[in-house]
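This briefing covers cysteines, aromatic pairs and internal cavities, in that order. Please read it alongside the sequence and the coordinates.

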Amino acid sequence: MESKKWLRALLLILGTAAIFCLLLQINLNTPKVHVDNGGVIDLRDLGDETYLLTDCWETFTDNSQIISTATLTFRDGSSPYALYMPRGSAVELLINGSSENVIAYGSHLVSILDLPDGDQTINIKITLSALADSNFSDASIFIGSYRNILSTIQNEGTLRIFIVGLSFALLLYAVSLYLQKRSEKYLLVLAAMVYSTFSYILLRNFPFLQENDVLKFLLLGGVNLPVLPAAINGNLHLIFYALLVAVLNYFLLRNFVSTRLFRREYIDYVVVASAVMLPLAGTSYFSDLHQIYRILINLLEAVIIVKGSYKSRSDSAVLLAGAIGTLAFRCFSSACAMNLVARGTADLLYRLGGITASFYAIAFVIAINGIFARKFNESEKLAGHLQIAVEKRTAELKNAYEKLTSEQKAHDAFMANMVHDLKTPLFSLSGYTDMARDSICTNPERTERCLNQIDETVSYVGTMVNNLFLSLRLEDGRVKFMRDTVSLHAVVSRVFDTTLALTGSIGIKLSTDLPEDVVSLEGDPYYLQQAVQNIVDNAVRHTSAGGEITIRLHSGSGQAVITVSDTGDGIPLENLPHIFDRYFSHSEKGTASSGLGLTISNDIVRAHGGIIKVESTTGKGSTFTIILPKAGGLKN
């Protein structure tokens with residue numbers, strides 16, 4: 001990051017120096033006529049070029065006015081020649097003591113030389129207020145052919161219209177941005193900043209607008225206080241206008257970089273400098289101080305831009321370009337106004353004030369346009385992500401609806417089967433009860449058989465009701481599991497003992513494979529036994545006589561594993577994903593089942609932090625694998 005700051009600082013210095021030197025070179029290359037006061041100028045030597053008069057002026061101060069005079073003799077002008085003062089609205093130009101021969105082309109002053117056959121000697125006098133902040137702190141008069149001077153004025157006017165049009169276009173763009181997105185308050189600041197630039201350029205290029213007090217006020221031209229001289233009023237306006245632009249730039253820069261400098265906001269330094277400038281508005285050296293004041297503001301802005309950390313490289317590049325352009329043109333314009341560099345066409349003929357004011361306006365418009373572009377790209381990405389999320393959510397809802405529909409159908413089928421499965425044993429109970437009542441005295445053996453059937457039927461109904469009740473409690477999370485140390489050897493052994501009598505009576509071989517080391521974990525022994533028992537019972541129901549069921553136990557890597565393998569009819573492939581679904585029941589041999597046993601086992605194992613895996617091949621049997629963590633798995 002520091003390397004980027006050093007690079008920006010280097011670019012600022014080199015860029016500012018390069019532009020300054022380029023403008024200075026234009027001034028140095030300006031054609032000049034060097035003649036002493038009272039000297040003779042042979043117009044035949046000038047050709048069609050426009051020259052700057054130098055070395056001929058005598059300058060003195062009288063009653064707060066700067067007066068420059070020269071007496072020159074012109075010789076042999078075969079074509080119309082003229083004296084030309086570009087942008088001379090702030091000065092008074094007198095030829096031979098009169099302004100009658102001075103023509104105003106907008107803010108340009110032109111005096112045509114009416115030469116007789118011989119020489120013509122004329123007196124030139126330029127008067128300027130010593131308090132005025134103007135680039136005419138010294139005499140700046142061009143001489144050349146009248147046709148070439150008119151062409152120069154026309155070219156300067158074209159450039160002036162271009163600058164005004166550019167600033168107006170920036171103003172429309174900034175206002176339209178704010179009107180479309182009023183929630184972004186910085187856009188209002190941007191519109192105000194661009195408007196200040198537009199009004200400055202408009203007043204600078206069309207001085208006649210200052211003659212109307214209302215237009216002047218609307219264009220931020222200031223208000224003339226009657227108690228103060230016009231020159232001081234103008235200087236105060238220059239201070240407040242510079243402060244206004246600095247404040248607007250400050251609020252815009254805050255959207256891109258940190259504006260703190262030496263633990264304070266940099267605008268604080270600008271306010272202090274403005275306060276210092278106020279009492280100096282009536283002094284003769286205000287003009288030079290004001291130039292330094294404007295350079296200080298632009299320099300502080302440049303420092304903030306250089307040292308900032310940016311979210312986007314484009315913001316850094318655009319704002320740095322604005323800082324380079326503004327600082328370079330400001331330094332050059334001020335150097336010319338303070339007579340520190342040579343005068344010429346770069347500062348007088350095309351008057352760079354409007355251009356200087358445009359750099360930051362263009363930079364901020366481009367940078368904020370970049371913010372909008374990034375937000376638009378982010379909104380497009382967000383819209384894409386949102387579309388994907390909506391599609392995903394829609395698919396999830398569709399799947400959930402289909403699953404809910406399927407579960408509802410399974411629930412309806414389960415309830416129908418449950419009612420049927422309960423009706424059958426209840427009818428049986430009624431029948432066996434009648435048979436027992438009829439034979440209780442006449443046939444005791446028959447009565448005993450009936451009572452045994454009644455006992456088995458009641459046990460079957462009780463098991464179904466208990467399983468249904470337990471399933472509902474597990475589904476709602478209302479089962480409270482005990483936390484105890486459980487020996488899985490004991491769990492498997494009790495399941496084996498409970499099932500052995502049944503498997504022996506129907507010709508199924510039941511065996512266990514237990515390790516020598518005790519395998520223990522934290523859990524609820526009653527429910528863990530029920531989970532294993534349900535899986536073994538399921539294996540018994542689906543294994544034919546002569547088949548085998550094996551219960552194995554082993555441990556490793558912090559897990560305990562119980563497998564129940566059978567050689568039964570297996571589970572069809574399409575049924576494997578659903579065997580743990582609530583209310584799902586499958587029986588190839590028509591054996592009675594509520595469809596809740598495996599669901600209950602799965603819920604109990606998951607409550608203990610474990611999982612159940614199933615492998616099955618139709619016609620060859622199935623293997624259920626229960627994997628349980630040895631510690632920290634029980635959930636309540």
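Cys 21 counts as partly exposed, because its relative accessibility is 46% and that class runs between 20% and 50%. Cys 336 has a relative accessibility of 0% and therefore counts as buried. The model is predicted, and the disulfide count in it comes to zero.

**Aromatic pairs**

- A search of the whole structure finds eleven aromatic pairs.
- One of them joins Phe 168 and Phe 198, with 5.6 Å from centre to centre and 45° between the planes, and this pair is tilted.
- The Phe 168 and Phe 198 pair links distant parts of the chain: Phe 168 sits in helix α2 (residues 146–180) and Phe 198 in helix α3, 30 residues apart.
- Are the two phenylalanines buried or exposed, or in between? Phe 168 is partly exposed at a relative accessible area of 39%, whereas Phe 198, at 10%, is buried.
- Tyr 250 and Tyr 266 form an edge-to-face pair, because their planes stand at 70°, with ring centres 5.6 Å apart; the cut-off for that class is over 60 degrees.
- Tyr 250 belongs to helix α5 and Tyr 266 to helix α6 (residues 266–277), so this pair ties together parts of the chain that are 16 residues apart in sequence.
- Both Tyr 250 and Tyr 266 are buried.
- Tyr 250 and Tyr 266 also share one aromatic cluster with Phe 251.

**Cavities**

- The structure holds five cavities of 30 Å³ or more.
- The second largest cavity contains about 200 Å³ of space.
- Which residues lie closest to the centre of the second largest cavity? They are Val 245, Arg 294, Asn 298, Arg 330 and Ala 357, out of 17 residues that line this cavity.
- Elements that give two or more residues to the lining of the second largest cavity are α3 (186–205), α5 (230–253), α7 (286–307), α8 (313–337) and α10 (353–439).
- Helix α5 supplies the largest share of that lining, with five residues.
- By class, the lining of the second largest cavity consists of nine nonpolar, five polar and three charged residues.

**Elements that recur**

- Helix α5 holds Tyr 250 of the edge-to-face pair and gives the largest share of the lining of the second largest cavity.
- Helix α3 holds Phe 198 of the tilted pair and is among the elements that give two or more residues to the lining of the second largest cavity.

Key. Residues numbered from 1 in each chain as written. Predicted model: local features only at pLDDT ≥ 70, side-chain atom pairs only at ≥ 80, totals over all residues. Heavy atoms only, no water. 1 Å grid on protein atoms, 1.4 Å probe; cavity = no way out; pocket = protein on both sides within 12 Å on 5 of 7 lines; lining within 4 Å. Points joined across faces, edges and corners; volume = space filled by probe spheres on them. Helix = DSSP H or I, 4+ residues; strand = E, 2+ residues; numbered from the N terminus. Nonpolar A, V, L, I, M, F, W, Y, C, P; charged D, E, K, R; others polar. Disulfide = S-S within 2.5 Å. Buried < 20%, exposed > 50% of the residue type's maximum accessible area, 1.4 Å probe, protein only. Phe/Tyr/Trp six-rings, centres within 6.5 Å; stacked < 30°, edge-to-face > 60°.
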